[in-house]
Amino acid sequence: MDRNQTSLTVYFEDPFWVGVMEREQNGRYEASKITFGAEPKDYEVYDFLLKYWSRLSFSPAIPGDPGVERDTNPKRMRRQIQRQMQARGVGTKAQQALKLQREQGQLERREVARGTREEEQERRFALRQEKRRSKRKGH
């Protein structure tokens, strides 16, 4: 049976309010970081998710927990929900996923920068060669 779970944690990370969207589906865990400016209201967060859900860039998938679904006692479930509401910050799994996403972004930026640098060197070399050829013509 497929297990799909999504959670959003909003917390204050000086100087901004940050949200971490975590989703786990089919045994794959992904996370995305959202930076809000001022403290967002509940309806603003909901509106943001409705508008920009498709644009969120999630981290590469890492293996998730193959949790077992069972019926949970309602009192226990309520206690677990209260604990999750009281907990602040981001879990280590989310931090790992976001770190992986950040590292991939760095690698992509390095490749792009390397490519542009090489193109610029080739362009300068071609200019020098052209200048050398024009001097040899004597015109």
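**Aromatic contacts, strands and cores**

F36, F48 and Y52 form one aromatic cluster in this predicted model. Over the whole structure, a search finds four aromatic pairs. One of these is made by F48 and Y52, whose ring centres are 5.0 Å apart with 45 degrees between the planes, an arrangement classed as tilted. Both residues belong to helix 1, which covers residues 42-52, and because F48 and Y52 are four residues apart there, about one helical turn separates them. In general, an α-helix has 3.6 residues a turn, so residues three or four places apart point the same way. Neither ring belongs to a buried residue: F48 is partly exposed at 22% relative accessibility, and Y52 is partly exposed at 32%.

W53 and F58 form another aromatic pair, this one edge-to-face, with 5.6 Å from centre to centre and 65 degrees between the planes. The two partners fall in separate classes of accessibility. W53 has a relative accessible area of 35% and is partly exposed, whereas F58, at 15%, counts as buried because the cut-off for burial is under 20%. The ring of F58 has a further contact: the charged end of R23 sits over it, 3.8 Å from the ring centre.

R23 lies within strand 2, which runs over residues 16-25. Seven of the ten residues of strand 2 are buried, so this strand is largely enclosed by the rest of the structure. Strand 2 has pairing partners on both sides in the sequence. With strand 1, residues 4-13, strand 2 pairs in the antiparallel sense over ten bridges. Two residues lie between strand 1 and strand 2, and the strands form a hairpin. Within this pairing, S7 stands opposite E22 of strand 2.

Strand 2 is also joined to strand 3 by nine bridges, and these two strands run antiparallel. One bridge links V18 to its partner T35 in strand 3. Strand 2 and strand 3 likewise make a hairpin with two residues between the strands, and in this hairpin N26 takes a positive phi near 55 degrees.

The largest nonpolar core contains nine residues, namely Y11, V18, V20, Y29, A31, I62, A94, A97 and L98. At least two residues of this core come from each of strand 2, strand 3 (28-36) and helix 3 (92-137). Helix 3 gives the most, with three residues. There is also a second, separate core of six residues, among them M21, I34, V45 and L56.

Helix 2 presents another picture with respect to burial. Of its 13 residues, the number buried is zero, so helix 2 lies largely in the open. Helix 2 spans residues 74-86 and reaches 18 Å from its first C-alpha to its last, close to the 18 Å expected at 1.5 Å a residue. At the N-terminal end, helix 2 is capped by N73, which has a side-chain oxygen 2.9 Å from the backbone nitrogen of K75.

Key: Residues numbered from 1 in each chain as written. Predicted model: local features only at pLDDT ≥ 70, side-chain atom pairs only at ≥ 80, totals over all residues. Heavy atoms only, no water. Expected span 1.5 Å × (residues − 1). Buried < 20%, exposed > 50% of the residue type's maximum accessible area, 1.4 Å probe, protein only. Polar contact = N/O pair within 3.5 Å; in protein donor to acceptor, adjacent residues only side chain to side chain. Core = buried A, V, L, I, M, F, W, Y, C linked by side-chain atoms within 4.5 Å. Phe/Tyr/Trp six-rings, centres within 6.5 Å; stacked < 30°, edge-to-face > 60°. Lys NZ or Arg CZ within 6 Å of the ring centre and 35° of its normal. Pairing = 2+ DSSP bridges.
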